[in-house]
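Work through the exercises below with the sequence and the structure at hand. Each task is followed by a solution in steps.

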Amino acid sequence: MANDTVYLNGQFLNKQKARISPLDRGFLFGDGIYEVIPCQAGKLIGFELHIQRLRAGLDSISISLDWSYQQWQDIIESLMKRNQAKDVSVYIQVSRGTDRIRQHGFSQDISPTIFVMCQAMASSAYLAAVDSPELQVMTQLDQRWRNCHIKATSLLANVLHFQHAQRLHVDETLLYNAQQQLTEGSTSNVFVVKKGRVFTPPLDNQILPGVTRAMLIDMLTKHTQIEVVQKPILLSDARTADEIWLTSSSKQVSAVVTLDGVAVGNGAKGKWCDIAQQLFDRLKFSY
């Protein structure tokens with residue numbers, strides 16, 4: 001499936017014909033917010049949670065776009081129909097729009113640029129959580145800006161962290177701050193399991209409020225006896241963990257089997273991850 005049709009500022013058109021101005025602030029400054037909504041078998045996963053986070057991000061950087069959930073859903077469903085899309089990610093990007101000149105301060109009378117497209121999911125884990133890959137992960141000092149809770153399009157630091165992992169032929173970079181506390185992965189949230197208890201860093205400005213993360217915490221709390229504790233996690237504690245999981249819209253729930261070249265637990269997906277994966281796969285369409 002080519003996913004050739006995109007939505008741009010009120011029009012559905014071939015992606016090769018989609019154009020924005022070079023004075024668009026998203027292009028010049030990364031001045032915008034984005035969202036990625038997974039879709040499996042034609043069904044959106046966590047739609048309202050994703051749009052809620054998109055709205056919060058727009059509000060946080062003072063981009064005014066008063067669209068209802070229904071408006072977003074109508075555009076997404078129309079786009080998916082035009083692309084005959086079933087198993088895709090739906091990418092939404094809203095920039096502040098095109099200004100008259102390049103300047104750091106922005107005008108108040110410009111209209112946001114709204115772009116939506118479908119693309120095949122990069123990870124096979126999306127199609128079936130129980131078949132998700134076992135990941136090799138490295139660690140690195142977090143070099144990102146101090147507003148990581150905003151899902152902004154200015155992702156250069158994330159890109160460089162992820163590319164560093166790629167150069168070393170591992171799957172992801174797990175980040176830690178100056179206090180040696182885990183924050184998150186360059187493209188994912190993190191969970192650490194010790195003696196049957198599940199820990200994840202609490203949300204703050206260092207961590208994106210992941211939709212998959214929120215769904216999984218809710219599922220584990222409501223449908224299992226597994227204790228989920230949100231507290232700071234030291235890098236040293238991660239190195240002695242029984243299991244480590246990464247979560248994201250594309251990874252769903254994936255097991256980390258090595259950390260900086262050392263086996264996590266027994267070096268294979270653990271029983272608690274298996275429970276979490278199966279639970280997520282069973283309940284994900286209810287959010």
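**Exercise 1. A helix pair**

How close do the axes of α2 and α3 come, and at what angle do they cross?

*Solution.* The model is a predicted one.
- Step 1. Two packed helices are described by the angle between their axes and the distance between the axes.
- Step 2. For α2 and α3, the axes come within 11 Å and the crossing angle is roughly 115°.
- Step 3. The hand of this α2 and α3 crossing is right-handed.
- Step 4. On the α2 side, the contact is made by F47, E48, I51, Q52, L54 and R55. On the α3 side, Y69, W72, Q73 and I76 make it.

**Exercise 2. The nonpolar cores**

Find which residues touch the most other members of the largest nonpolar core, and which elements supply that core.

*Solution.*
- Step 1. In soluble globular proteins, nonpolar side chains tend to be buried together.
- Step 2. The largest nonpolar core has 28 residues, and W72, V90 and I92 are those that touch the most other members.
- Step 3. At least two residues of this core come from each of β3 (32-40), α2 (47-60), α3 (69-83), β5 (88-95) and β6 (113-120).
- Step 4. The most is given by α3, with five residues.
- Step 5. Take W72 and set aside its neighbours within four places in sequence: W72 is then in contact with F47, I51, L54, L65, W67, I92, V94, I114 and V116.
- Step 6. Another core, of 19 residues, lies apart from this one; V198, L220, A255 and A276 are among its members.

**Exercise 3. Length and faces of α7**

Check the length of helix α7 (residues 271-283), then state which of its residues are buried and which are exposed on the other side.

*Solution.*
- Step 1. With 13 residues at 1.5 Å a residue, α7 should span 18 Å; the end C-alpha atoms are 19 Å apart, which agrees.
- Step 2. The buried residues of α7 are C273, A276, Q277, L279, F280 and L283.
- Step 3. Viewed down the axis of α7, these buried residues fall within an arc of 165°, so they line one face of the helix.
- Step 4. K271 and R282, on the other side of α7, are exposed.
- Step 5. The cover over the buried residues of α7 includes α5 (211-223), β13 (243-248) and β14 (252-259).

**Exercise 4. Length and burial of α5**

Repeat the length check for α5 and list its buried residues.

*Solution.*
- Step 1. The 13 residues of α5, at 1.5 Å a residue, should span 18 Å; its end C-alpha atoms are 18 Å apart, in agreement.
- Step 2. Buried in α5 are V211, T212, R213, M215, L216, I217, M219 and L220.

**Exercise 5. Three single residues**

Are N3, N9 and K195 buried, partly exposed or exposed?

*Solution.*
- Step 1. N3 is in the segment before β1 (5-8). Its relative accessibility is 5%, under the 20% limit, so N3 counts as buried.
- Step 2. Beyond its neighbours within four places in sequence, N3 is in contact with K15, N83, A85, V88, C118, Q119 and A120.
- Step 3. N9 sits in the loop between β1 and β2 (11-14). At 42% relative accessibility, N9 counts as partly exposed.
- Step 4. K195 is placed in the loop between β10 (189-194) and β11 (197-200). At 79% relative accessibility, K195 counts as exposed.
- Step 5. Most residues other than glycine have a negative phi. Phi of N9 is positive, near 50°, and K195 has a positive phi of about 50°.

Methods. Residues numbered from 1 in each chain as written. Predicted model: local features only at pLDDT ≥ 70, side-chain atom pairs only at ≥ 80, totals over all residues. Heavy atoms only, no water. Helix = DSSP H or I, 4+ residues; strand = E, 2+ residues; numbered from the N terminus. Expected span 1.5 Å × (residues − 1). Buried < 20%, exposed > 50% of the residue type's maximum accessible area, 1.4 Å probe, protein only. Arc of directions from axis to C-beta. Contact = heavy atoms within 4.5 Å. Core = buried A, V, L, I, M, F, W, Y, C linked by side-chain atoms within 4.5 Å. Axes fitted to C-alpha atoms, helices over the stretch in contact; angles between N-to-C directions. Left-handed = near helix turned anticlockwise from the far one by under 90°.
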